[in-house]
Amino acid sequence: MLEIISGAAVKKLDTDFIAEKGITSHRLMENAAQAFCDWFEGEYHRNDKVGIFCGHGNNGGDGLAIGRLLWRKGYDVIIFLVGGDAKVSADCRLNRELLPDKLPAISMSSDDIAHMEFDLNVVVDAMLGIGVNRPLAGDFLNMVIKLNALPNVNRVAVDIPTGLPSDECLEGEAFKADVTVTFQYPKFSLMFPEHAAFVGILHVANIGIGNKFMRQFSQNRYYLQRKDVVSRHLNFSRFAHKGDFGRVLLVGGSYGSMGAIRMAAEASLRTGSGLATCLVPSCGVDILQASLPEIQVFSSSSEKYLSLPYVKEGLERFDAVGIGPGMGTTAEAEDFLLDFLMTFKGPKVIDADAINILARNKGIQQYLGREDVLTPHIKEFERLVGICENHKQRLEKALEFSKAHGCVLVLKGAHTCISFPDGTQYFNSTGNKHMATGGAGDVLTGMITSFLGQGYGVKNAVLCGVYQHGLAGEIASVDKKRGTIATDIIKAIPKSYVTLGVD
Ligand SMILES: NC(=O)C1=CN([C@@H]2O[C@H](COP(=O)(O)OP(=O)(O)OC[C@H]3O[C@@H](n4cnc5c(N)ncnc54)[C@H](OP(=O)(O)O)[C@@H]3O)[C@@H](O)[C@H]2O)[C@@H](O)CC1
Ligand SMILES: Nc1ncnc2c1ncn2[C@@H]1O[C@H](COP(=O)(O)OP(=O)(O)O)[C@@H](O)[C@H]1O
Ligand SMILES: [K+]
């Protein structure tokens with residue numbers, strides 16, 4: 001499991017690693033540069049014109065080593081030195097000395113920064129890394145503004161975009177990368193949506209610091225990747241019957257919003273549920289039966305919204321419930337929801353309007369159990385806990401909420417963050433902007449409910465559900481791009497099993 005580590009911890013970790021392994025800091029920098037170049041070679045051609053902008057700290061040292069390695073491989077490289085000659089770090093100095101004579105390296109004066117014209121295809125930003133300790137000013141600021149404005153170039157940041165603090169929200173300006181190649185562990189601030197325009201696509205490059213070593217620096221934040229979920233999947237025997245794959249109940253829908261619960265139900269079936277049933281207001285029965293023949297449907301008493309009374313006998317036959325999509329926030333729906341949450345004590349995914357209703361009720365603790373999972377997007381989350389100043393505060397409040405209520409909280413978005421009552425947080429690595437489409441959240445509800453129903457246990461159900469939902473979104477958008485819609489994500493769920501190699 002890849003740790004997400006603060007900038008301060010990274011420095012200590014690097015120093016301790018060097019001491020324990022008996023290697024030099026220069027060697028570790030060389031590993032970092034090599035890891036970057038391995039990735040770079042897969043992305044860019046030798047006839048691309050590559051400009052590497054190097055500062056005076058170790059991030060600059062990385063840039064110089066990258067320049068030397070790429071130049072040796074035959075790339076057309078130019079080095080630009082920014083930030084002057086004062087305070088040059090030891091490893092940066094050594095890498096300046098190691099530059100081949102024939103590799104062009106230009107020291108950038110303030111005047112050069114203002115007036116030089118660049119003819120480049122790829123800009124590599126190695127000006128400042130995790131050592132940044134104040135907003136950019138002077139030459140660094142001017143260089144960043146100039147590079148951000150260059151048309152038709154690919155921008156790649158080494159470790160972290162220049163100007164971006166590793167643990168806090170950005171103040172001022174920063175390099176706007178298309179791709180950030182971060183070393184060994186994603187830095188915390190790379191997870192913040194405020195930084196999306198600066199980080200671009202995130203790639204994590206392994207520089208040889210093993211997980212075992214990193215664990216002593218753990219801050220209980222993890223980056224969820226393929227290898228972390230494959231082993232969490234259950235195997236089912238050749239003799240398995242539909243009951244083994246779980247009976248799930250999807251509760252929600254209202255007049256005009258029946259699609260949400262239909263998508264959750266279909267997603268649960270595509271994720272593998274043996275039997276899916278919907279509980280909806282009576283206006284939804286025919287719609288659902290006609291559009292999804294694989295499900296069963298029963299209804300509460302009123303026509304347009306879920307309401308009291310409803311049939312409670314036999315609810316215990318369901319292994320898991322997903323509740324909320326499309327249910328509305330009327331008074332009838334509220335009475336129904338609170339009653340239902342007190343009645344059904346098995347594992348539940350509580351989403352959408354169910355969260356909005358809970359948010360306006362006091363004492364919600366009584367409705368939530370340790371196998372329950374809340375899946376708010378940012379706005380729903382802020383209805384629960386109040387408006388937050390920034391994403392960092394949201395992440396803190398998400399963890400507090402999970403601990404205080406003893407439930408799992410899935411804060412959705414890019415890098416969806418899953419908080420557990422034991423104090424751990426997992427950040428998702430799959431998914432993309434094409435999933436920002438109506439109904440994508442209902443699909444997630446169906447998927448997590450399905451895994452709960454299949455008997456995964458709450459932790460594995462949520463980690464597998466969130467990861468695989470993002471993977472299905474990636475698969476769906478390969479040839480649909482911004483034309484991807486939520487039902488495409490559902491259709492891609494079977495392929496996501498193929499991709500994971502899970503039967
Ligand atoms: N062995 C390792 O550790 C490994 C580290 N690695 C690499 O090292 C990077 C971290 O290197 P680093 O610690 O030298 O910091 P870095 O960001 O290059 O610059 C700090 C310098 O900038 C200055 N400064 C700060 N803010 C400023 C501002 N706003 N405007 C202007 N100046 C500012 C500050 O000095 P100050 O002015 O504050 O006195 C200092 O001189 C890391 O991101 C990774 O790429 C990899 O090689 C793997 C192995
Ligand atoms: N830019 C993005 N990158 C990755 N995942 C995203 C992105 N935008 C949205 N998603 C995912 O899509 C889903 C959207 O859920 P939600 O906002 O509840 O949609 P809806 O309410 O329309 O169903 C979430 O799981 C979220 O993580
Ligand atoms: K950088």
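The legends below describe close-up views of a predicted model.

**Figure 1. Overview of the predicted model and its confidence scores.** The protein has an average pLDDT of 96, and 100% of the residues score at least 70. For the model, ipTM is 0.95 and pTM is 0.95. The unreviewed UniProt entry lists residues 225–500 as "domain: YjeF C-terminal". Over these residues the chain is 43% helix and 13% strand, and the C-alpha atoms at the two ends are 11 Å apart.

**Figure 2. Surroundings of ligand 1.** A shell of 27 residues surrounds ligand 1, and the closest of them are G57, N58, N59, G129 and G131. Helix 2 (25–43) and helix 3 (58–72) are the elements that contribute two or more residues to this shell. Sorted by class, the shell around ligand 1 comprises eleven nonpolar, eleven polar and five charged residues.

**Figure 3. Positions listed under "binding site" in the unreviewed UniProt entry.** The record lists N59, D125 and T162. These positions are spread over 104 residues of sequence, yet they cluster in space, with a largest C-alpha distance of 9.2 Å. N59, which is located in helix 3, is also among the residues closest to ligand 1. T162, by contrast, is found in the loop that runs between strand 6 (154–158) and strand 7 (179–183).

**Figure 4. Environment of N59 and T162.** N59 is classed as buried because it has 26 C-beta neighbours inside 10 Å, where 20 or more are required. When residues up to four places away in sequence are not counted, N59 touches A126, M127, L128, G129, G131, V158 and D159. T162 is likewise classed as buried, because 28 C-beta neighbours lie inside 10 Å. With its neighbours within four places in sequence left aside, the contacts of T162 are D125, M127, L128, F140, V144, A174 and F175. D125, one of these contacts, is itself listed under "binding site" in the record.

**Figure 5. The open sheet of eleven strands.** The strands follow the order 1-9-18-17-16-15-14-13-10-11-12, and their pairing is mixed. Strand 1 (2–3) and strand 12 (296–299) stand at the edges; each has a single partner strand, so one side of each lacks a neighbour in the sheet. Strand 9 (residues 221–224) and strand 18 (residues 425–428) are paired in the parallel sense over four bridges. Within this pair, Y222 is placed opposite Y426 of strand 18.

**Figure 6. Strand 16 (residues 408–411) and its two partners.** In a regular strand, side chains alternate between the two faces of the sheet. In strand 16, V408 and V410 point one way while L409 and L411 point the other way, and all are buried. Strand 15 (residues 372–374) runs parallel to strand 16 and is joined to it by two bridges, with V373 opposite V408. Strand 17 (residues 417–419) runs antiparallel to strand 16, and three bridges join the two. Here V410 stands opposite I418 of strand 17.

**Figure 7. The hairpin formed by strand 16 and strand 17.** Five residues lie between the two strands of this hairpin. In the turn, G413 has a positive phi of about 150°.

Note on methods
Residues numbered from 1 in each chain as written. Chains lettered and ligands numbered in written order. Predicted model: local features only at pLDDT ≥ 70, side-chain atom pairs only at ≥ 80, totals over all residues. Buried ≥ 20, exposed ≤ 12 C-beta atoms within 10 Å, placed from the backbone. Pairing = 2+ DSSP bridges. Near = placed C-beta within 6 Å. Nonpolar A, V, L, I, M, F, W, Y, C, P; charged D, E, K, R; others polar. UniProt positions renumbered as here; feature names shortened; annotations may be inferred. Contact = placed C-beta atoms within 7 Å. pLDDT = per-residue confidence, 0-100.
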